[in-house]
Amino acid sequence: MLPAEILTNIPLPEELNKKAAELLKSDERAMFSLVGDLNLSGRYAVSALIATDKRLIVFDEKHEGGVFTLPHSDVEEADVKRMYGNAVLRIKFKDNGRRLSIFRFTYSIAELADAVALFTENIAKGADPDEEFKTVEATFEKKKSVCPKCGRTLIRQGAECINCASKGKIFKKLAVYFKPELKRMIFSLALSLVTTTLALVPPYATKMLVDDVLKNRDAKMLFSLVFALLGVYALQHTLGALRGYLLRITGDRIVASLRNDIYEKAQYLPLSFYDKTSTGSVISRVSGDTSTLQAFMLRISQEAVIQFFLMVGIITIMFVMNWRLTLLSLIPVPLVVFGGRFFGKRIAPIYSKIWRRWASVSSVLSDTLPSIRVIKSFTGEERAANKFAAFNNEWLKEDRKAAVLSNVFPSVVTFLVTCGSLLIWAVGGYWVVYTPEYISVGLLVSFISYASMFYGPINFFATLNDTYQNALTSAERILDIIDAEPEQNFGEGRTINTIKGKIEFRNVNFSFDRIKKTLTNINFVIEPGDIVGIVGTTGSGKSTLVNLLMRFYDSYEGDILVDDINIKDIDLSSYRSQIGYVQQEPMMFKDTIFRNIAYSSPEANVEQVIHVADVANAHSFIARTPDAYDTMLGERGVGLSGGERQRISIARAVLKNPSILIFDEATAAVDSETEHLIQEAIERLIRGRTTLMIAHRLSTLRKANKIIVVDKGEIIEFGSHDELMELKGKYFKLIEIQSLSEKIREGKEAENFE
Amino acid sequence: MTERTYIENDNARITRGEGILLKVEMYDGRIFEDVEARRLFPVTGVYKYITLLDSEGAEQAVIRDLRNLTPDSRAVVEEVLGEYYLVPKITQIEKIINKKVKIIFHVITDNGPREFEVKSIYSDIKTLYDGRVLIKDSNDNRYEISNLNALSRDSQRLMAPYL
């Protein structure tokens, strides 16, 4: 058998383990194994790959004899071809260039297979197996980072599983928000007790009225009773108003606190969260779900407490008055309780669906309305309206189902409790008629009043489930954000004052999902002060490179170092404060121009902001607008042209005084005159700073002293402009095309051709 | 990029030119003729950072704080700014008629009585941190309530639902 401590994703099946051990030569060491879940025909089956220092041994029923062995020295190339829902490990043979798929698997082990491909390819090129094994080991370690309880991927091995650690009763978690309001709630509770007690007085007064006052025609007692009741009602409603006010305030404060927490938490969630979760869904949670919870909390805190005390008080009085009649009145109660549970189970998934449908409607709103220019330019108004109507109708369908259930059930409950009342009339009335010494008229009338009061709380708690399920769904959605893993600040506290600007990518691999690798084997070094142009076709991975440098995504393999320090080991805020990022589509907030520029440095004074606006060639156009720096920009910077927004974005970056600058196609969408202004601004800015410029304009690339050419996620060329032009490779072709299109563009502009 | 010229205290003498144009004589010998004064912060900083633009719109100098100029220079600059920026101060609100799609204001300002329409209370009526209320009408004209509490109680009551 192979050594027990061999590195593997899951233990090798015994049979394969034995066969592998038998195949091993005396001078051969088994280094790691990979157990797969598909055979080469794509059917679910157990397959395995064992990597030794000399060979790959693959067990698959589709190979001749069920096994395939391949010396590393026979390998020219090895890669993992990703397909839809599965992938294959492919080998290209050195001797005849033949390609062969040797191992097939689902995405559950795709990254491990990547490591295998790299392992065998590098050893074939002469690398030391033990050195290569370290990379494989690191990949396996990362894969092992799953929670042993729920199987959820952890951000690193040994990290706490938030899913398991904090998954308690949902409302127990929300209790944190109740704590600051405890005193107010206890006072309100005391008021509730008083008002409940007062509410129990009138039915008893009815008994006195019938049995004593009216029977004895005692007018004096009548008036005393009436005035006493007046006092009771006045006090009850005064205290009730005070209680209602206090509870409302308390509910509002709790929900405001919850909203703040959700919004704050949402700021620190990683970009990968926003890649998977629509902003509409997040907005729904902050606005809609908190309102649902608020309504529920008010209902719980106001009515539920009162109803509970009322129920206890009433049943006590009823038992004291007549225990037989009380038992009769309790007959419908079990039916109501079981009905409530049955209803709850049926309505919960419906409310979940309603929430998802509503989040989809919100998504459409937040997605399409800001893009109204696109809709209008492509006469898509009707399509947009139809799309919205379709989503809205889906919501309506689900809401109707809930409407049916949430109305049928209360009606059934009401019917049952009415039957209970009738039972009391029948039995109690019979006793009054035939055994008046046992039960008086006054007592029966009083009892019926109490009984009808009693069914009120029962009904309330039966229908509370409806609100409860709705609120539960909202609470789950809210806690989804609060419990979500924020961006990991591994290097928290380890701040850096200045960065010289050396950047190194070492064996970096990255994919957003498991289907397609976005970046493969990225290696380069940029020295401080270098101006680097990054070029490539659309989708080649240029923006992903800078996103990784900005630490917007952490789940990459390999290392990214700045000034020889791994960026994951630097405090996140400190690190990002050293980088100025000018995006292709500069985002502006709905705020003044001044505050949009000062966003990067809120403590900057007026003259600093004016100075950077100057550097960015923005001050002159700002000064000429009616409200100048007080100009209020619309959502997304409406009110400025693309070039003006870009220059404000550059001013924002200048204010930060960053050590590293990143420009993501900064002059992509502007005319050449504006481009010239922006280029001038960029030139002022980049002096002495390490600059990365994703660009396709020749004019931008000419400033760069190094060019990185990216194609299909790999760096295919790296060097100066002149070196790459001599190479006559991809860069040369890109420049030729660009030169031609620029000549045409300049020609059109010269003719003022629109 | 040349360094910005700041005018403050007595490092310049400002006199009136033709219309709303100004002549600035710096005490270092430089002269800027026919410049127009514009506020860089017309909403939040009426006295601070007044830029002086030439006929091409290029900035020649910036007045840091109007209040620190010599009295004569200050008076001249305030005069031209008063002509350029017409923002009447509302001293009394006579009535406000809410027609759902628009709100019609009848007011008395320091410029005389005025009637105007406001389209949206959300974007056209703003209360600033210093207590001023800025109103923009449907023709983009601006009005200001310098101090809401200084208005009569009736005026305050009429204005309250729109703040």
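Biologist: In this predicted model, which strands form a hairpin with 4 residues between them?

Modeller: Strands of a sheet pair through backbone hydrogen bonds, either parallel or antiparallel. Here β6(A) and β7(A) form the hairpin, and G85(A), in the turn, has a positive phi of about 90 degrees. The two strands, at residues 75–82 and 87–93 of chain A, pair in the antiparallel sense over 7 bridges, and K81(A) has V88(A) in β7(A) as its bridge partner.

Biologist: How should I read a sheet of several strands, and which strands of the open sheet β1-β2-β3-β4-β5 in chain A are the edge strands?

Modeller: One reads the order of the strands, then the sense of the pairing, and then the edges. The 5 strands of this open sheet have mixed pairing, and its edge strands are β1 (7–8) and β5 (67–71) of chain A, each of which pairs on one side only. Within the sheet, β2 (residues 30–38) and β3 (residues 44–52) of chain A are antiparallel and share 7 bridges, with A48(A) in β3(A) as the bridge partner of V35(A). Helix α1 (residues 14–23) of chain A lies across β2, β3, β4 (55–59) and β5 of chain A, and runs at about 145 degrees to β4(A).

Biologist: Chain A has another open sheet, of 6 strands; in what order do they come, and why is one side of each edge strand left without a neighbour?

Modeller: The order is β14-β15-β16-β11-β17-β18 of chain A, again with mixed pairing. The edges are taken by β14 (579–582) and β18 (714–719) of chain A, and because each has a single partner strand, one side of each has no neighbour in the sheet. From one strand to the next, the twist averages 15 degrees.

Biologist: Which strand of chain A runs parallel to β11 (residues 531–535), and which helices pack on the sheet?

Modeller: Strand β17 (residues 706–711) of chain A runs parallel to β11 of chain A, and 4 bridges join them; the bridge partner of V535(A) in β17(A) is V709(A). Helix α16 (residues 542–549) of chain A packs on the sheet, where it touches β11, β15 (660–664), β16 (690–694) and β17 of chain A, and its direction makes about 145 degrees with that of β16(A). Helix α21 (residues 642–656) of chain A also packs on the sheet, touching β14 and β15 of chain A, and its direction makes about 180 degrees with that of β14(A).

Biologist: How do I tell whether a residue inside a helix, such as S474(A), is buried or exposed?

Modeller: One counts the C-beta atoms around the residue, and 20 or more others within 10 Å make it buried. S474(A), which belongs to helix α15 (residues 441–482) of chain A, has 24 such neighbours and is therefore buried. Leaving aside neighbours within four places in sequence, S474(A) is in contact with D289(A), T292(A) and L293(A). Of these, T292(A) is 182 residues away in sequence, yet the two C-alpha atoms are 6.8 Å apart in space.

Biologist: Turning to chain B, which residues of α1(B) are buried, and which are exposed?

Modeller: Chain B has 3 helices and 12 strands, and buried residues make up 22% of its 163 residues. In α1(B), the buried residues are S73(B), V76(B), V77(B) and V80(B); they lie on the same side of α1(B), because they cover an arc of only 95 degrees around the axis. P71(B), A75(B) and G82(B), on the other side of α1(B), are exposed. The buried residues of this helix pack against β2 (12–16), β3 (21–26), β4, β5 and β6 (59–65) of chain B.

Biologist: How is the contact between the chains made up, and how many residues does each chain give?

Modeller: Chain B gives 14 residues and chain A gives 11. On the side of chain B that touches chain A, β4 (31–39) and β5 (48–53) of chain B each supply at least two residues, and β5(B) gives the most, with 3 residues. That side divides into 8 nonpolar, 3 polar and 3 charged residues.

Biologist: What does R39(B) touch, not counting residues up to four places away in sequence?

Modeller: R39(B), in strand β4 of chain B, touches A628(A) in the other chain as well as V46(B), I50(B), L81(B) and Y85(B). R39(B) counts as buried because 25 C-beta neighbours lie inside 10 Å. L81(B) is 42 residues from R39(B) in sequence and 8.2 Å from R39(B) in space, C-alpha to C-alpha.

Conventions:
Residues are numbered from 1 along each chain as its sequence is written. Chains are lettered from A and ligands numbered from 1 in the order in which they are written. This is a predicted model: local features need pLDDT of at least 70, side-chain atom pairs count only at pLDDT 80 or more; totals for chains, interfaces and linings use all residues. Two residues are in contact if their C-beta atoms, placed from the backbone, lie within 7 Å. Ala, Val, Leu, Ile, Met, Phe, Trp, Tyr, Cys and Pro count as nonpolar, Asp, Glu, Lys and Arg as charged, and the others, Gly among them, as polar. A residue is buried if 20 or more other C-beta atoms lie within 10 Å of its own, exposed if 12 or fewer, and partly exposed in between; C-beta atoms are placed from the backbone. The arc is that of the directions from the helix axis to the C-beta atoms. Two strands pair if DSSP finds at least two bridges between them. Axes are lines fitted to C-alpha atoms, for helices over the stretch in contact, and angles run from 0 to 180 degrees between N-to-C directions.
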